[in-house]
Amino acid sequence: MWVKLLLGKKRKDTLAIVESDDTTKNDKVRMSKVTRSNLRLRLGDTVTVTALPDVKFAKTIHVLPFDDTIEGLTGNLFDVFIQPYFHEKYRPMRLNDMFLTQGAMRTVEFKVIDIEMPDGEESEYCIVGPDTEIICEG
C-alpha cells in the first residue's frame, strides 16, 4: 500500500492509496469522483502526486453524515454504513475530507471532523486501521 499526498487546485490536498496500472499512461492519473471533489478538480485538471512520509494510524476519528443523505433513514448508521466501509481496510483520511459509503441500498456522505493520534499530536492526515476507534455521533 502506497499512501501519497495529492495536491489539487486552490491549495486543496488529500491522501490516497496509489497503485500502478499498466493500462494508464505515465502522465495520467485515475481517481474517484469523491477524490476529485475533495481536491476541487474536474476531469482533465492537473494533480501533483508526492510522498507523505510517516502517515500514522489514528487513535480516533470522528465522522458525521451530511443531513441530506440520511433523510428518512432509520437504524444504526455505524453498523450499516461505517463499520463495513472500514472493516479490514486501511483507509487514508484527511481532516475535513468527505467520503461516500453504501449500505441498505443507499449512499451516505460523511465528513471527517476530527482526528486524534495515539501520542496526542494533532494531525490533518491519518490511516484508519483495525485499532482506530470511529465515532459517528453528534
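These entries record what I looked up about cysteines and pockets in this structure, which is a predicted model.

**Entry 1: cysteines**

I searched the whole structure for disulfides and found zero. I then asked why Cys126 has no bonded partner. The closest cysteine sulfur to that of Cys126 belongs to Cys136 and lies 15 Å away, which is too far for a bond. For a disulfide, the two sulfur atoms would have to be within 2.5 Å. I note that Cys136 is likewise in no disulfide.

I next looked up whether these two residues are buried or exposed. Cys126 is buried, and its relative accessible area is 0%. Cys136 has a relative accessibility of 18% and also counts as buried, because the cut-off for buried is under 20%.

**Entry 2: the largest pocket**

I recorded a volume of about 970 Å³ for the largest pocket. Its lining consists of 33 residues, and those nearest the centre are Ala16, Ile17, Val18, Arg30 and Thr35. I also noted which elements give two or more residues to this lining: strands E2 (13–17), E5 (91–94) and E6 (98–103), together with helix H1 (33–39). Sorted by class, the lining holds 17 nonpolar, nine charged and seven polar residues.

**Entry 3: the second largest pocket**

For the second largest pocket I recorded a volume of about 300 Å³. I counted 13 residues in its lining, with Lys28, Val29, Gly44, Asp45 and Val47 closest to the centre. By class, I found six charged, five nonpolar and two polar residues in the lining of this second largest pocket.

Conventions:
Residues are numbered from 1 along each chain as its sequence is written. This is a predicted model: local features need pLDDT of at least 70, side-chain atom pairs count only at pLDDT 80 or more; totals for chains, interfaces and linings use all residues. Side-chain values use heavy atoms; hydrogens and water are left out. Buried means under 20% relative accessible area, exposed over 50%, partly exposed in between (1.4 Å probe, protein chains only). On a 1 Å grid over the protein atoms alone, a cavity is a set of points where a 1.4 Å probe fits but cannot get out, and a pocket is an open set with protein on both sides within 12 Å along at least five of seven lines; lining residues have an atom within 4 Å of a point. Grid points are joined across faces, edges and corners, and a volume is the space filled by probe spheres set on the points. Helices (H or I, at least four residues) and strands (E, at least two) are DSSP runs, numbered from the N terminus. Ala, Val, Leu, Ile, Met, Phe, Trp, Tyr, Cys and Pro count as nonpolar, Asp, Glu, Lys and Arg as charged, and the others, Gly among them, as polar.
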